[in-house]
Amino acid sequence: MKCFFPVLSCLAVLESSISVEVASNASVILEGKDLRFSCSVRMAGRLQGRFSVIWQLVDRQNRRSNIMWLDRDGTVQPGSSYWERSSFGSVQMEQVQPNSFSLGIFNSRKEDKGQYECHVTEWVRVVDGEWQIVGERRASTPISIIALVTKLQVSKSKRTLTLVENKPIQLNCSVKSQTSQNSHFAVLWYVHKPSDADGKLILKTTHNSAFEYGTYAEEEGLRARLQFERHVSGGLFSLTVQRAEVSDSGSYYCHVEEWLLSPNYAWYKLAEEVSGRTEVTVKQPDSRLRLSQAQGNLSVLETRQVQLECVVLNRTSITSQLMVEWFVWKPNHPERETVARLSRDATFHYGEQAAKNNLKGRLHLESPSPGVYRLFIQNVAVQDSGTYSCHVEEWLPSPSGMWYKRAEDTAGQTALTVMRPDASLQVDTVVPNATVSEKAAFQLDCSIVSRSSQDSRFAVAWYSLRTKAGGKRSSPGLEEQEEEREEEEEEDDNDDDPTERTALLSVGPDAVFGPEGSPWEGRLRFQRLSPVLYRLTVLQASPRDTGNYSCHVEEWLPSPQKEWYRLTEEESAPIGIRVLDTSPTLQSIICSNDALFYFVFFYPFPIFGILIITILLVRFKSRNSSKNSDGKNGVPLLWIKEPHLNYSPTCLEPPVLSIHPGAID
């Protein structure tokens, strides 16, 4: 006990009885390894106060730097030079027990080499409550850190990869050895083209697993087709280029960087190495497109339907699209012309031949099964004749979604001949002659025995056949038919025919009537008794109708363009008609004329009756007048005075006649 005067107090001086021991997990460690220290305080008796601990590093120049300290209140604080490392958790201090303290330095650096010292201060509380230092003790241990030597090794093996486009390109990068188990790797993928001096960066994965696309990926649009993977083993990296294109061919390799985490949690690149190259060749699939080469010949009649078949026997890919084109070679025309085209998207288009040959509306396409295409030409016409074939283009999708033509082939040819129906028109040639009376009617039948087609229509004309006499026509009214007869004679090229033809009536295939012949005008009646039987009746026959008659038939058929054309013509045998000439009698004249009949047999009776009555009345009156006409004294009046007539030759009015009673002179 020490006492101080004049202060009325005494302080008890305490002596420290502690000792300090420091231990570490290793005295020599590899850079990057963890350091662990323990600081134990030994006491002679029972713990009387508290401890404050300071960890310090003494380097080769004997400079001290505080690492961490723990004050008597249990607060831990890092030193100024270890503040950053402590904030990352790289430096940690802990009071394990009241008299045991630990220090941990993780991911050691080369500058962590030196003497580690644990400085312990013992504190006790005095009578007045203040804390007093009782004693201090130090202990240290040396640490040596060996610098890292890289052990990074990447596979140098080379390989060749050949594949068909649209398949994936699988690239591997294998790290055989690494410097530290804590190493991280950055992998850069490159491709070298023959036209480039250096490789172009495709993709970079950093040591913290971030992705960065290279210039090649941006220029070629590879971003959506790249897939990176790090396997569980940790040393194998894979890059997959999905849906490979021909332009993806080249020499691929990887560039590996080994990164370590510094004690202040800063990553640094330790080493780097390049792998062996993988030669990649991407090619288009081999063309397997093949069409049927069967040749064919078709002969059909007009208005029928023709089927042209295009069969694809094999194709390169089931995902391919086909463009099918039909074309034709016309006779005497060396260049082929497109008839129709089926595009890749199944859209039907007419070719230039369709417009020229009026094929629009007559073409029909169907595909009953994959690879089988049928083109139907409906209502074929003669102008549809030619040599037909189909041409097929096979299109494949590129990985970028663009379609390109991979193959093409032409099928065998089909020769098409379109014919008009054979003319089989036949008109009945056995027609009996007829004798009729004057004023009677006679019939001229025109019977068609056979026809070329059920779709036929007929134009029928009846003619009167007369023999020419001295260049003059014996039938009245023939002058009006002169021009028509001359044209018919020119068409028939029959100028030397002595028979003179005069048309009675003509009916066209469209049922339009022509003008009646003037001698028969108003006396003709036409009947169509059946599709193949036509009848012309001549009324009020006269002797001048005597002669030969015939009917002329033209057979007309519809073309595929709905236009009618004349297929053939035929004429019946002459029909002899004789009209009896009966001389007229008074009785026949009277009976045939109604006015005359009434004049002879009806009108005379009333006329004669009126005449008789008139005569009787006159005689009766004349008797009475003879009595009244006697003169004076009973002498009869012998004369009368002449009437007085007023007349003026210049007067425009008619003369006035006045009769005065006579007088006897």
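These notebook entries record what I looked up in a predicted model.

**Entry 1: disulfides**

I began with the cysteine pairs. A disulfide is a covalent bond between the sulfur atoms of two cysteines. My count for the structure came to four disulfides, and I followed up three pairs, beginning with Cys39 and Cys118, whose sulfur atoms lie 2.0 Å apart. This pair links distant parts of the chain, with Cys39 in strand E5 (residues 35-42) and Cys118 in strand E11 (residues 114-125), 79 residues apart. For the handedness of the Cys39 and Cys118 link I noted -85° about the S-S bond, which is left-handed. I then looked up the accessibility of each partner. Cys39 has a relative accessible area of 0% and is therefore buried. Cys118 also stands at 0%, so I entered Cys118 as buried.

**Entry 2: Cys310 and Cys390**

I turned next to the disulfide that joins Cys310 to Cys390, where the S to S distance is 2.0 Å. Here, too, distant parts of the chain are linked: Cys310 belongs to strand E26 (residues 306-314) and Cys390 to strand E32 (residues 386-397), 80 residues apart. Are Cys310 and Cys390 buried or exposed? I found that Cys310 and Cys390 are both buried. The link of Cys310 and Cys390 is right-handed, with 70° about the S-S bond.

**Entry 3: Cys446 and Cys551**

I recorded a disulfide between Cys446 and Cys551, with the sulfur atoms 2.2 Å apart. Cys446 sits in strand E37 (residues 442-450) and Cys551 in strand E42 (residues 547-558), so this bond ties together parts that are 105 residues apart in sequence. Why is the disulfide of Cys446 and Cys551 right-handed? I assigned it as right-handed because the torsion about the S-S bond is about 75°. On accessibility, I noted Cys446 as buried, with a relative accessible area of 0%. Cys551 has 1% and is buried as well.

**Entry 4: cavities**

I then searched the whole structure for enclosed space. Rolling a probe the size of a water molecule over the atoms shows where empty space is left. How many cavities of 30 Å³ or more does the search find? It returned two. The largest cavity holds about 50 Å³ of space.

I listed the lining of the largest cavity as Leu171, Asn172, Trp189, Tyr252, Tyr253, Cys254, Ser275, Gly276 and Thr278. Strand E15 (169-177) and strand E21 (250-261) each supply at least two residues of this lining. Which strand gives the largest share? I found that E21 does, with three residues. By residue class, I entered five nonpolar, four polar and no charged residues for the lining of the largest cavity.

**Entry 5: two single residues**

I looked up Thr141 first and placed it in strand E12 (residues 131-146). The relative accessible area of Thr141 is 12%, and the limit for buried is under 20%, so Thr141 counts as buried. Setting aside residues up to four places away in sequence, I listed the residues that Thr141 touches as Val22, Ser24, Phe37, Gly114, Gln115 and Tyr116.

I then looked up Tyr598, which lies in helix H6 (residues 594-601). Its relative accessibility is 43%, and I therefore entered Tyr598 as partly exposed. Apart from neighbours within four places in sequence, Tyr598 is in contact with Tyr603 and Pro604.

Note on methods: Residues numbered from 1 in each chain as written. Predicted model: local features only at pLDDT ≥ 70, side-chain atom pairs only at ≥ 80, totals over all residues. Heavy atoms only, no water. Helix = DSSP H or I, 4+ residues; strand = E, 2+ residues; numbered from the N terminus. Buried < 20%, exposed > 50% of the residue type's maximum accessible area, 1.4 Å probe, protein only. Contact = heavy atoms within 4.5 Å. 1 Å grid on protein atoms, 1.4 Å probe; cavity = no way out; pocket = protein on both sides within 12 Å on 5 of 7 lines; lining within 4 Å. Points joined across faces, edges and corners; volume = space filled by probe spheres on them. Nonpolar A, V, L, I, M, F, W, Y, C, P; charged D, E, K, R; others polar. Disulfide = S-S within 2.5 Å.
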